[in-house]
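Subject: Structure for you to look at

Hello,

Here is the structure I promised, with my notes below it. Please open it alongside the text.

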Amino acid sequence: MAKVVCVLYDDPVDGYPKRYARDGLPKLDRYPGGQALPTPEAIDFEPGVLLGSVSGELGLRKFVEGAGHSLAVTSDKDGPDSIFERELVDAEIVISQPFWPAYLTEQRIAKAGRLKLAITAGIGSDHVDLQAAMERGITVAEVTFCNSISVSEHVVMMILGLVRNYIPSYQWVVDGGWNIADCVARSYDVEGMQIGTVGAGRIGTAVLRRLKPFDVKLHYTDRHRLPETVEKELGLTFHKTAADMVPVCDVVTINAPLHPETENLFDAAMIAKMKRGAYLVNTARGKICNRDAVARALDNGQLAGYAGDVWFPQPAPRDHPWREMPHHGMTPHISGSSLSAQARYAAGTREILECWFAGRPIREEYLIVDGGKLAGVGAHSYSAGDATRGSEEAARFKG
């Protein structure tokens with residue numbers, strides 16, 4: 001019998017939904033580019049319901065227990081006295097979402113003598129110490145592409161929200177005002193702007209495709225250059241490095257995975273290379289941007305706005321400066337956890353578990369670490385090392 005530990009975010013403060021805003025979800029046949037959607041043998045949930053919080057259990061309990069295994073679900077994940085810390089000791093499988101990550105540090109992995117599989121219900125497995133996982137022979141997998149389009153939509157929304165000064169304008173209405181001059185004093189058109197993405201994988205390319213109709217000039221940088229046909233189709237300008245690209249951009253969006261090569265990439269020096277009054281949008285990982293450098297750049301006007309829904313650690317401590325800095329458009333990490341995305345990553349998580357329990361290979365496109373080395377998508381997207389340092393700060397959110 002395998003013990004499965006699943007770490008999910010808390011239920012809604014007003015209780016689990018009794019009725020949803022919409023009935024069901026649009027049906028997708030496959031992802032852009034042809035990759036197949038998750039293909040579990042069955043699911044035990046209705047697509048479009050809340051699956052990512054504790055009561056939703058990713059729709060897994062009936063399947064896991066029906067297969068003779070045990071399932072422990074908790075949101076209490078941070079600190080030495082957390083439920084996760086206690087349950088981890090004899091867990092074979094850990095499931096976690098990037099939005100409320102169960103940080104698998106080297107120290108935690110050392111305590112988890114039976115741990116064999118870490119699944120990210122979503123995309124982005126930087127909350128796992130990948131170096132330690134490789135050394136211990138732990139398999140790491142994620143549900144690649146499940147919420148890439150969800151995140152790309154969020155990026156476009158945030159760009160428009162910042163440039164058009166949407167959030168402060170909305171607040172004037174909520175406060176009973178009609179202060180047009182205050183609203184438009186920081187409002188611009190996106191049309192004609194230079195917009196660049198750091199990272200042009202599934203999310204970054206989807207962002208570029210969605211921005212093209214806005215009549216902007218598009219730029220990108222990535223360790224893997226896109227095919228010439230794609231560059232011509234979207235009118236892209238390629239830059240070898242982020243440092244080469246950011247000086248020409250009015251808006252920079254970060255869509256790269258977190259690993260040692262991207263950690264702290266947007267520090268004070270990189271932000272200083274950007275145009276004065278540029279906008280920075282980060283839905284990738286909070287640790288790619290230097291926390292204090294971003295706050296200072298908004299205070300002194302080097303950045304006109306910063307938006308994102310990724311922080312480090314997660315949840316962010318209540319005194320995190322990004323909560324209070326001016327001209328921000330921050331959200332908790334929600335871009336990839338829409339009800340639409342949850343149906344896909346819950347189904348993909350079950351597909352991975354079905355393969356694991358049956359001894360079948362997990363899809364290559366789901367693998368991050370396997371057989372003691374980076375594998376599948378992980379070999380393409382990550383570099384060896386650890387990006388979990390400092391995650392213990394998340395325990396301060398409870399305090």
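A search of the whole structure turns up two cavities of 30 Å³ or more. Please bear in mind that this is a predicted model.

**Cavities**

The largest cavity holds about 110 Å³ of space. Its lining has 14 residues, and Pro101, Tyr103, Asp126, Arg285 and Phe312 are the closest to the centre. By type, the lining of the largest cavity splits into seven nonpolar, four polar and three charged residues.

The second largest cavity has a volume of about 50 Å³. Asp126 is in its lining too; so are Val128 and Leu130. Further along the sequence, Leu258, His259 and Pro260 contribute. Tyr382, Ser383, Gly385, Asp386 and Ala387 complete the lining. Here the count is six nonpolar, three polar and two charged.

**Second largest pocket**

This pocket has a volume of about 760 Å³. It is lined by 29 residues. Leu25, Pro26, Leu28, Ser340 and Arg344 lie nearest its centre. Two elements give two or more residues to the lining: H5 and helix H13 (339-358). H5 gives the most, with six residues. The lining divides into 18 nonpolar, seven polar and four charged residues.

**Annotated positions**

Which positions does UniProt mark as "binding site"? The unreviewed entry places that feature at Ile123 and Asn147. They are spread over 25 residues of sequence, yet they cluster in space, with a largest C-alpha distance of 7.3 Å. From this set, Asn147 is part of the lining of the second largest pocket.

Ile123 sits in the loop between strand E4 (117-120) and helix H4 (130-136). Ile123 counts as buried because its relative accessibility is 16%, and the cut-off is under 20%. Leaving out residues up to four places away in sequence, Ile123 touches Pro98, the run Glu142, Val143, Thr144, Phe145, Cys146, Asn147 and Ser148, and also Ile203 and Arg285. Arg285 also appears among the residues closest to the centre of the largest cavity.

Asn147 is in the loop between strand E5 (139-142) and helix H5 (148-163). Its relative accessibility is 2%, so Asn147 counts as buried. With the same sequence neighbours left out, Asn147 touches Phe99, Gly122, Ile123, Gly336, Ala341, Arg344 and Tyr345. The two annotated residues are therefore in contact with each other, as contact means heavy atoms within 4.5 Å. Arg344 is also one of the residues nearest the centre of the second largest pocket.

**Inside H5**

Is Ser152 buried or exposed? Ser152 is in helix H5. At 0% relative accessibility, Ser152 counts as buried. Beyond its neighbours within four places in sequence, Ser152 is in contact with Ile203, Ala206, Val207 and Arg210. Ile203 is also touched by Ile123.

**Cores**

In soluble globular proteins, nonpolar side chains tend to be buried together. In this model, the largest nonpolar core has 91 residues. Leu58, Ile95, Leu104 and Tyr345 have the most contacts inside it. Tyr345 is also a contact of Asn147.

Ile95 touches Val4, Val5, Cys6 and Val7, along with Leu58, Leu60, Ile119, Ala121, Thr349 and Leu353, again not counting residues up to four places away in sequence. Apart from this core lies another, of 30 residues, including Val198, Leu280, Leu298 and Leu303.

Best wishes

Note on methods
Residues are numbered from 1 along each chain as its sequence is written. This is a predicted model: local features need pLDDT of at least 70, side-chain atom pairs count only at pLDDT 80 or more; totals for chains, interfaces and linings use all residues. Side-chain values use heavy atoms; hydrogens and water are left out. A nonpolar core is a set of buried Ala, Val, Leu, Ile, Met, Phe, Trp, Tyr and Cys residues joined through side-chain atoms within 4.5 Å. Buried means under 20% relative accessible area, exposed over 50%, partly exposed in between (1.4 Å probe, protein chains only). UniProt positions are given in the numbering used here, feature names are shortened, and annotations may be inferred rather than shown by experiment. On a 1 Å grid over the protein atoms alone, a cavity is a set of points where a 1.4 Å probe fits but cannot get out, and a pocket is an open set with protein on both sides within 12 Å along at least five of seven lines; lining residues have an atom within 4 Å of a point. Helices (H or I, at least four residues) and strands (E, at least two) are DSSP runs, numbered from the N terminus. Grid points are joined across faces, edges and corners, and a volume is the space filled by probe spheres set on the points. Ala, Val, Leu, Ile, Met, Phe, Trp, Tyr, Cys and Pro count as nonpolar, Asp, Glu, Lys and Arg as charged, and the others, Gly among them, as polar.
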